[in-house]
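Open the model in your viewer and keep the selection tool at hand. This tour goes stop by stop, with a note on what to select and what is there.

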Amino acid sequence: MHFVDAKAALSRPNGLNIYRGCAHGCVYCDSRSTCYQFTHPFEDIEVKQNTPALLEALLQKKRQKIVISTGSMSDPYQPCEKELKLTRRFLELIDQYGFGASVHTKSDLVLRDIDLFESINRKTKSVLQMTLTVADEGLSRILEPNVCTTARRYEVLKAFQKRGVPTVVWMTPILPFLTDTEENLRAILDCCFDAGVKGIVCWNAGMTLRSGDREYYYRALDRHFPGLSGRYRRQYGDAYEVNSPDNERLMRIFHAECEKHRVIHDPDECFRYIAEIADRQTQLPLFE
Ligand code: SF4
């Protein structure tokens, strides 16, 4: 881990990353791609130590209340977050200044901050976004080795449901010849429906692969599934979009099941839902 000062609080519209790099070790991680131009090993977490100060200055000035997101390029609940508590500070500031928050993670460390999610959601809006993509526990340990498994993430979603904090699941990537089965899809959907998620983000039953990410993924396949990387090479070459041969059928099931359970299943609609903000204070009745 090493510390730097960021130049600006937000690294994209309404979004910030407190950490750069990730220790969770997912074999399919797109953030490893060379296009992101890492100048340090991916697992050597870069900590943007001044993010809270920059964020506070921004929130003091900003008039329009918006939902600020974290977790798009790096999981905000890195193991070092246990001591550093920068993501917790992010939530404290959002809560203090009456903004909305959305956090995307795979880690159960997020449970530590559930009180803040609840408090923010009472005033404006908070959303927990969680990735669930591998239902089988053994496979989850191989594919996402350093973070809690899908079963534990389901417990986290249930805990947020109990506290009335909305959740959105990212069911992506779906790995050709590994997790692109109807059984896996239905098991994840059952978790989502049971945990009352508002939306599920899934573009295709597939994944993306590009330089940097592809080599890392193929090395993991060679370690755990001998011969499979050759199958990928033959089937997909250097393609960026790598969809399951069963993509269309699986996506038909996905959309039909979400429709049946009234869960948002259009990615753009999911993002609109996450970004919508409600000033719940002004919606309280005048006389109670
Ligand atoms: S949690 Fe996200 S950023 Fe971290 S290794 Fe996994 S896919 Fe990459």
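**Stop 1: α8 and α9**

Begin with a helix pair: Tyr218, Leu221 and Asp222 in α8 meet Leu228, Ser229 and Tyr232 in α9. Contact here requires C-beta atoms, placed from the backbone, within 7 Å. By class, this contact has four nonpolar, one polar and one charged residues. Nonpolar covers Ala, Val, Leu, Ile, Met, Phe, Trp, Tyr, Cys and Pro; charged covers Asp, Glu, Lys and Arg; the others, Gly among them, are polar.

Before moving on, two notes on the model. It is predicted, so local features need pLDDT of at least 70 and side-chain atom pairs count only at pLDDT 80 or more, while totals for chains, interfaces and linings use all residues. Residues are numbered from 1 along each chain as its sequence is written.

Now select both helices whole. Helix α8 spans residues 213-224 and helix α9 spans residues 228-236; their axes come within 7 Å and cross at roughly 135°. That makes α8 oblique to α9. Angles under 35 degrees count as roughly parallel, over 145 as roughly antiparallel, 65 to 115 as roughly perpendicular, and the rest as oblique. Axes are lines fitted to C-alpha atoms, for helices over the stretch in contact, and angles run from 0 to 180 degrees between N-to-C directions. Helices (H or I, at least four residues) and strands (E, at least two) are DSSP runs, numbered from the N terminus.

**Stop 2: α1 and α3**

Select residues 51-61 for helix α1 and residues 86-97 for helix α3. They pack at an angle of about 15°, with their axes 10 Å apart. That makes α1 roughly parallel to α3. The crossing is right-handed, where the near helix is turned clockwise from the far one by less than a right angle, and anticlockwise would be left-handed.

Show the side chains. From α1, take Thr51, Pro52, Leu55, Glu56 and Leu59; they meet Leu86, Arg89, Phe90, Leu93 and Tyr97 in α3. The contact residues divide into seven nonpolar, one polar and two charged.

**Stop 3: α3 and α4**

Keep α3 and add helix α4, residues 114-123. This pair packs at an angle of about 20°, with axes 9 Å apart. α3 and α4 are therefore roughly parallel to each other. Here α3 passes α4 in a left-handed crossing.

Which residues of α3 meet α4? Arg88, Leu91, Glu92, Ile94 and Asp95 do, against Leu116, Ser119 and Ile120 in α4. The contact has four nonpolar, one polar and three charged residues.

**Stop 4: the ligand**

Select the ligand and show its shell. Around the ligand are Cys22, His24, Gly25, Cys26, Cys29, Ser31, Ser74, Asp75 and Lys106. Each counts as near if its C-beta atom, placed from the backbone, lies within 6 Å. The shell divides into three nonpolar, four polar and two charged residues.

**Stop 5: Leu109**

Go to the loop between β6 (100-105) and α4, and pick Leu109. Is Leu109 buried or exposed? Leu109 is buried, with 20 other C-beta atoms within 10 Å. The cut-offs, with C-beta atoms placed from the backbone, are 20 or more others within 10 Å for buried, 12 or fewer for exposed, and in between for partly exposed. Not counting residues up to four places away in sequence, Leu109 touches Tyr77, Glu81 and Lys82. His40 is 69 residues from Leu109 along the chain, and their C-alpha atoms are separated by 25 Å.

**Stop 6: backbone oddities**

Find Lys85 in the loop between α2 (81-84) and α3. Lys85 has a positive phi of about 55° although it is not a glycine. Lys85 is partly exposed, with 15 other C-beta atoms within 10 Å.

Jump to the loop between β8 (167-170) and α7 (182-194), where Pro173 lies. A cis peptide bond joins Thr172 and Pro173, with omega about 0°. Phe177 is in the loop between β8 and α7 too. Phi of Phe177 is positive, near 65°, and Phe177 counts as partly exposed, with 15 C-beta neighbours inside 10 Å.

**Stop 7: Lys198**

Finish in the loop between α7 and β9 (199-201), at Lys198. Lys198 is partly exposed, with 16 other C-beta atoms within 10 Å. Add Val263: Lys198 and Val263 are 65 residues apart in sequence and 5.6 Å apart in space, C-alpha to C-alpha. Leaving out residues up to four places away in sequence, Lys198 touches Pro166, Thr167, Val168, Ile264 and Tyr273.

Technical notes
Two residues are in contact if their C-beta atoms, placed from the backbone, lie within 7 Å.
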